[in-house]
Amino acid sequence: MGKLIKNHWARLIVLTAALYQIAAALSGFFWPKIFWDFLTTNLNPAVRPIPILQILNLLLGILAFAWEWPLPIFAFAETAMHRSIEARLAVYPLSALAALLLYQGTNPGIYYLFGIGVYFWGFSEGEVVCPDPWSLPRRRTTQGGRGVGRV
């Protein structure tokens with residue numbers, strides 16, 4: 001059996017959250033609603049009449065999608081930002097917060113939280129994101145040319 005590569009698993013979770021967040025933002029333009037409006041109506045100006053929260057969710061969803069699926073048109077692959085798990089752990093909580101504020105975005109917010117947890121698990125075990133997307137880390141070689149462990 002192979003070893004679970006946590007950053008690949010977290011990437012799939014966050015890709016799902018990003019696509020769902022984009023869909024939630026688009027539906028939020030037609031049916032604007034704050035998730036927490038049963039507690040207070042003070043947050044309603046964030047969605048109506050100017051859709052600030054919907055635009056923020058749309059931009060954060062597109063950013064997360066471009067970050068996790070680094071196609072050549074996004075010009076994000078093989079950059080230091082793409083390989084940084086620390087930057088992901090700094091940005092994705094903000095995406096989760098924005099998603100959790102919007103009524104349609106509660107599920108992507110929960111997905112982001114799971115993705116953050118898996119990224120942190122991989123980070124704490126010393127995993128690295130490879131420069132080439134969806135590739136495996138190269139093995140270190142010793143004097144005999146045999147692989148010793150993951151880089």
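User: Is the crossing of α1 and α2 left-handed or right-handed?

Analyst: Left-handed. One caution before going on: this is a predicted model. The two axes come within 8 Å and cross at roughly 155 degrees. That makes α1 roughly antiparallel to α2.

User: Which residues of α1 and α2 meet?

Analyst: From α1, the list includes V14, L15, A18, L19, I22, A25, L26 and F29. From α2, it includes I55, L58, G61, I62 and F65. Now the general idea. An α-helix has 3.6 residues a turn, so residues three or four places apart point the same way. Check the α1 list against that: V14, A18, I22, A25 and F29 are among its members.

User: Step back. How many helices and strands are there, and what pattern do they follow?

Analyst: The secondary structure comes to 5 helices and 2 strands. Along the sequence the pattern reads α-α-α-α-α-β-β. Buried residues make up 39% of the 151 residues. Take contacts between residues at least 6 apart in sequence: 68% of them join residues at least 24 apart.

User: How do I read helix length? What span should α4 have?

Analyst: Count 1.5 Å a residue. Helix α4 covers residues 85-101, which is 17 residues, so its span should be 24 Å. The end C-alpha atoms are 25 Å apart, which agrees. Repeat the test on α5. This helix has 19 residues and reaches 27 Å from first C-alpha to last, close to the 27 Å expected.

User: Where does α4 bend, and by how much?

Analyst: At V91, by about 25 degrees. A proline, P93, follows within four residues.

User: Which residues of α4 are buried, and what covers them?

Analyst: The buried set is I85, A87, R88, Y92, S95, A96, A98 and A99. Their cover includes α1 (6-30), α2 (52-68), α3 (80-83) and α5 (106-124).

User: At what angle do α2 and α4 pack?

Analyst: At about 145 degrees, with the axes 10 Å apart. The crossing of α2 and α4 is left-handed. On the α2 side, the residues that meet α4 include L53, L56, L60, L63 and W67. On the α4 side, they include R88, V91, Y92, S95 and A99.

User: Take single residues in α4. Is Y92 buried or exposed?

Analyst: Compare its relative accessible area with the cut-off: buried means under 20%. Y92 has 1%, so Y92 is buried. Y92 lies in helix α4. Leave aside neighbours within four places in sequence, and Y92 is in contact with V14, A64, W67, E68, Y112, I116 and Y119. Y92 and V14 are 78 residues apart in sequence, yet their C-alpha atoms are 8.8 Å apart in space.

User: And L94: buried or exposed?

Analyst: Exposed, with a relative accessible area of 54%. The cut-off for exposed is over 50%. L94 also sits in helix α4. From L94 to N57 is 37 residues in sequence and 10.0 Å in space, C-alpha to C-alpha.

User: What is the relative accessible area of L100?

Analyst: It is 25%, so L100 is partly exposed. That class lies between the two cut-offs. L100 is in helix α4 too. Its contacts, leaving aside neighbours within four places, are F35, W36, G105, T106, G109, I110 and L113. L100 and N57 are 43 residues apart along the chain, with their C-alpha atoms separated by 9.8 Å.

User: Which residues of α5 are buried, and what do they pack against?

Analyst: T106, P108, G109, Y112, G115, I116, V118, Y119 and G122 are buried. They pack against α1, α2 and α4.

User: What about the backbone? Which residues does a cis peptide bond join, and where is positive phi found after α5?

Analyst: The general idea first. Most residues other than glycine have a negative phi, and most peptide bonds are trans. Here a cis peptide bond joins R48 and P49, with omega about 5 degrees. P49 is in the loop between α1 and α2. As for phi, G126 follows α5 and has a positive value, near 85 degrees.

Technical notes. Residues numbered from 1 in each chain as written. Predicted model: local features only at pLDDT ≥ 70, side-chain atom pairs only at ≥ 80, totals over all residues. Heavy atoms only, no water. Expected span 1.5 Å × (residues − 1). Bend = angle between axes of the 7 residues up to and from the residue. Buried < 20%, exposed > 50% of the residue type's maximum accessible area, 1.4 Å probe, protein only. Contact = heavy atoms within 4.5 Å. Axes fitted to C-alpha atoms, helices over the stretch in contact; angles between N-to-C directions. Parallel < 35°, antiparallel > 145°, perpendicular 65-115°, else oblique. Left-handed = near helix turned anticlockwise from the far one by under 90°.
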